[in-house]
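Here is a short briefing on a two-chain model. Keep the structure open while you read.

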Amino acid sequence: MLRTAKPKNARSKRALDKRASKIIENGKRALFVPGSTCNKFLHDLMVDLEALKKPDSVRFQRKNEIRPFEDSSSLEFFSEKNDTSLIVVGTHSKKRPNCLTFCRMFNYQLFDMIELKVVSAKLIQDFHKRTFDVGMKPLLVFNGALFDEDPVYKHIKSLFLDFFRGQEQSLLDPSALQHVITITAEDPDPKQKNLDDENKAKSLIRFRCYLLKTETSTTPKQPRVELDEIGPRIDFAVGREQIPNPDMEKQAYKVARQVEKTKKNVEMDFMGDKLGRIHVGKQDLNELQTRKMKGLKRKYDVIDEEKAEQQDDVEYDEIDEADEAYELDGDSFTEFE
Amino acid sequence: MKTPIVEKAIPTVFDLGNLAIADSNPIVLNADSIETDLYALNRDNVQLLVNQILQLPLKRTVDSINSSNSQNSTMTLFSLPEPLWQTPREKPVPKDKAKTRWELFAAKKGIQKRAKDGKLVFDEETKKWIPKWGYNGANKKADKQWLVEYDDKNPNTDETIDPRTLPRAQRKQLVKKSLHQQKKNAKANA
């Protein structure tokens, strides 16, 4: 752990406050670290991934002796030093070629990790296309039922969502909708259904980036969307994984009391439509409009108070007796009706 | 012109707070045409997402957001809902500030916090508004008087002390006490 000194001036206090935990958090920052075995290919890929993450990113120029799955202490140090909670480490070995390890940190401690082996890739520069503006919020697309079923793919979905979603915002400028990041996992081969989990070949994660274009369509006020691939285009194979420690997970998914909203009776259905139940109050049946006829007019009402009172008394008596009877014997209740 | 309407066998899930969509329909990618298949799949899903975003309620704002020129312009923005998919926090939820000894006591006794009624006070002699404390503050009046009233209740026993310095000493004492209490609270809540 780094030594935290008490701030001596306003500037250093502001800097410390910026790093302090907040109720509504800032967008997560990413750190790109080349491992000691990192090569040119991985370096170029990290440059491209950083381009998607800018300005919330830091990239180390020098190689570092890091093996994330063996010792995470230096990752934790880097995380605290740079105030980054996402770390991408590039390593290459004969056994595990061209690996990008995506680590997430919680409170400067390792939260979870997944190793994604780069099978094939095409860089932004090879597309020769105009790209998007820096710092725009991307549209995210997750294709594949695996992202809802398989725990490893769930992790990957959560990771990429976390990586690219940026800061939570309540307003969106239409002109900021510029690029799309799509992540696709094919359904596993049906022939493999009988195999054990270990023998199953894991589907590739296909990472694609497109520029969004809109054209006029046959329906008014609904544009036809066209895409233009700008890269990077990466195919990942899933490697090793480290899942979060349950205690830490519980802490990390805690919702601050201040943000928790008591929105009653409002829910979202599977179409993404908001449904609400409202209380309409008690209906006054006296005001109910029934069949209209002359004889039912109010002026023809027979007001006989004595009779009405008598009727009331009888009714009350019956109810009282009925209650008593019910207490003694449930069956005899029917006799009074 | 092409149609913007896309139909899916299994309805897709939208998370408009994160501008995301999840499609769990079966995926078929032919080995010869992976890229074109992927393009078609992604285009359809982005179309669905954009159609949803365009249905979001609009909000007009007058102030300029992220614009370099100082001119104000009206902007029409989409108001996004709360994110649906949760992601882990970066840092733990901040702890509430610890209560001081006085705050605890006040809560026990039901003493309500009162708002301060301003820093200025009207001076009847000069008919001016002067600060209650600080430079030329109202609490420093006794420091400069040519004649000091004799206090029956707290007689100044030590004749060598200038009675004009007494209020200042008292104020210094209060500051000292307050600092001591602050330290005590910090120690208790550490």
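The side chains of A:D83 and B:K91 meet in a salt bridge, with 2.9 Å from N to O. This pair is one of five salt bridges counted between chain B and chain A. The model is predicted. The points below start at the interface, move to the sheet that spans it, and end with each chain and some local features.

**The interface**

- The contact involves 57 residues of chain B and 74 residues of chain A.
- Together the two chains bury about 6,000 Å². Carbon and sulfur atoms account for 57% of that area.
- On the chain B side, B:R89, B:E90 and B:K91 lose the most area to chain A. Together these three make up 13% of what that side buries.
- B:K91 is also the partner of A:D83 in the salt bridge described above.
- Polar contacts link 34 residue pairs across the interface, counting pairs with both residues at pLDDT 80 or more.
- Four elements of chain B each supply at least two residues to the side that touches chain A: β2 (20–23), α1 (34–54), β3 (58–61) and β4 (75–79).
- Helix α1(B) gives the largest share of that side, with 15 residues.
- By class, the chain B side has 31 nonpolar, 16 polar and 10 charged residues.

**A sheet across both chains**

- Which strands form the open sheet, and in what order? There are three, running β7(A)-β4(B)-β3(B), with antiparallel pairing.
- The edges are β7 of chain A and β3 of chain B, each of which pairs on one side only.
- Strand β7 of chain A covers residues 171–172 and pairs with β4(B) over two bridges, in the antiparallel sense.
- In that pairing, A:L171 stands opposite B:S79 of β4(B).
- Within chain B, β3(B) and β4(B) pair over four bridges, again in the antiparallel sense.
- Here B:T61 stands opposite B:M75, a residue of β4(B).
- Both of these chain B strands also supply residues to the side that touches chain A.

**Chain B as a whole**

- Chain B has three helices and six strands.
- Along the sequence these follow the pattern β-β-α-β-β-α-β-β-α.
- Chain B has 190 residues, of which 26% count as buried.
- Take the contacts in chain B between residues at least 6 apart in sequence: 38% of them join residues at least 24 apart.

**Chain A as a whole**

- Chain A has eight helices and 13 strands.
- Of its 337 residues, 39% count as buried.
- For contacts in chain A between residues at least 6 apart in sequence, 68% join residues at least 24 apart.

**Backbone features to check**

- Most residues other than glycine have a negative phi, and most peptide bonds are trans.
- The peptide bond from A:K54 to A:P55 is cis, with omega near 0 degrees. A:P55 sits in the loop between α2 (40–53) and β2 (57–59) of chain A.
- A second cis bond runs from A:G231 to A:P232, with omega near 5 degrees. The loop that holds A:P232 lies between β10 (224–229) and β11 (233–242) of chain A.
- A:N107 is not a glycine, yet its phi is positive, near 55 degrees. This residue is in the loop between β4 (99–106) and β5 (109–122) of chain A. A:N107 is partly exposed, at 34% relative accessible area.
- B:K127 is another residue that is not a glycine but has a positive phi, about 55 degrees. Its place is the loop between β5 (120–123) and β6 (128–131) of chain B.
- B:K127 counts as exposed because its relative accessibility is 55%, and the cut-off for exposed is over 50%.

**A residue in the last helix of chain B**

- B:N185 lies in helix α3 of chain B, residues 166–188.
- Is B:N185 buried or exposed? B:N185 is buried, because its relative accessible area is 17% and buried means under 20%.
- Setting aside neighbours within four places in sequence, B:N185 is in contact with B:T100 and B:R101.

Terms used: Residues are numbered from 1 along each chain as its sequence is written. Chains are lettered from A and ligands numbered from 1 in the order in which they are written. This is a predicted model: local features need pLDDT of at least 70, side-chain atom pairs count only at pLDDT 80 or more; totals for chains, interfaces and linings use all residues. Side-chain values use heavy atoms; hydrogens and water are left out. Contact means heavy atoms within 4.5 Å. Buried area is the accessible area (1.4 Å probe) that two parts lose on being put together, summed over both. A salt bridge is a side-chain nitrogen of Lys or Arg within 4 Å of a carboxyl oxygen of Asp or Glu. A polar contact is a pair of N or O atoms within 3.5 Å; within protein, one must be able to donate a hydrogen and the other to accept it, and residues adjacent in sequence count only if both atoms are side-chain atoms. Ala, Val, Leu, Ile, Met, Phe, Trp, Tyr, Cys and Pro count as nonpolar, Asp, Glu, Lys and Arg as charged, and the others, Gly among them, as polar. Two strands pair if DSSP finds at least two bridges between them. Buried means under 20% relative accessible area, exposed over 50%, partly exposed in between (1.4 Å probe, protein chains only).
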